[in-house]
Amino acid sequence: MIMNKEVFDCAIIGGGPAGMMAAIQLKRSGKSVILFEKNELGGLLRNANWVENYLGFPEGITGGELVKHFIEHLQSHNVLVEKQFVTEIRKNETLELVTKDAVCQAKSVILATGTNPRKLNLPGEETTNRLFYERVHFFQSPIYKDLKKVIIIGGGDVGFDSALNLKSHGIEPVILTRGNICCLPLLKERAEKENIEFHENIHFQEIQDNNDTISVICEKENFIGDAVLVTIGRNPAVIEINNLRETDGIFFTGDMKNGIKRHVQIATGDALTTALTVIEFLK
């Protein structure tokens, strides 16, 4: 089934900051655009407790509030948003984006699919409902209101930002990391000021669900909490593109191509550049 007889100038996959920025620039340039996002608009930015380095907000702003501003901006340009998962892109007379129920046609495609969280690959990890990888899912979980102690696995910026957020809500966080702490010094200083407990060079062995608690079994010590939040990094989210390249009209932008440089400013700036490249391609 063809979703729409219209052939869009550009189809964008991913509704995070990069996807929204690309859509806005393309619409401003008079291009027809459709944006696919299987979840809520905003991407990883929805997870951010506090954004302190986004230009124009000198006092800082929560990730959720910044997402609201982005969505309002997107809506002001009447961008068509489809809440569907694109499983494949193939080339026929046009580029065809395949979803569960339909096929969408476009002259170009921007992949702003972001990233997926890395897993621990430990026994017991897949059989508990007390372990989370995304902060949004964690805060939306039915068990969140009953949490008193949370074990955070990962000693980077996201782990410490999450710990500070939990602490501000009266929840005791404990940070565990395989190596050394690698967050921004100011985050570590804030955590120390809040007396947040953290342990380095931990050798994880197993996750155990104890029904009303969860245990992280380690080589020398075990840690018990009400939930576990895993923040050990992310990998690019990919879909099947059948070896299509930029010459075919396929473009990549945002976190999926920028590795560990996952900052909203980088994502939006990169997306703006990508949108301008697509506009040149469409000529």
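Visitor: What makes the 16 residues around the second largest pocket its lining?

Guide: In this predicted model, the 16 residues count as lining because each has an atom within 4 Å of a point of the pocket, which is an open set of points on a 1 Å grid over the protein atoms alone, where a 1.4 Å probe fits, with protein on both sides within 12 Å along at least five of seven lines. Arg-46, Ala-48, Gly-64, Val-136 and Phe-139 lie nearest its centre, and helix 2 (63–76) gives the largest share, 5 residues. Local features need pLDDT of at least 70, side-chain atom pairs count only at pLDDT 80 or more, and totals for linings use all residues. Side-chain values use heavy atoms, without hydrogens and water, and residues are numbered from 1 along each chain.

Visitor: Why are Phe-132, Phe-138, Phe-139 and Tyr-144 called a cluster?

Guide: These four are linked by ring pairs, and rings of Phe, Tyr and Trp (its six-membered ring) pair if their centres lie within 6.5 Å. The structure holds 8 aromatic pairs.

Visitor: What makes the 30 residues around Ile-12, Leu-26, Leu-66 and Ile-110 a nonpolar core?

Guide: The 30 residues form a core because they are buried (under 20% relative accessible area, with a 1.4 Å probe and protein chains only) Ala, Val, Leu, Ile, Met, Phe, Trp, Tyr or Cys residues, joined through side-chain atoms within 4.5 Å. Apart from this core lies another, of 20 residues, among them Phe-138, Val-150, Ala-191 and Ile-196.

Visitor: Which residues does Leu-66 touch?

Guide: Leaving out residues up to four places away in sequence, Leu-66 has contacts (heavy atoms within 4.5 Å) with Leu-45, Val-51, Tyr-54, Phe-57, Ile-61 and Val-264.

Technical notes
Helices (H or I, at least four residues) and strands (E, at least two) are DSSP runs, numbered from the N terminus. Rings of Phe, Tyr and Trp (its six-membered ring) pair if their centres lie within 6.5 Å; planes under 30 degrees apart count as stacked, over 60 as edge-to-face and the rest as tilted. Buried means under 20% relative accessible area, exposed over 50%, partly exposed in between (1.4 Å probe, protein chains only).
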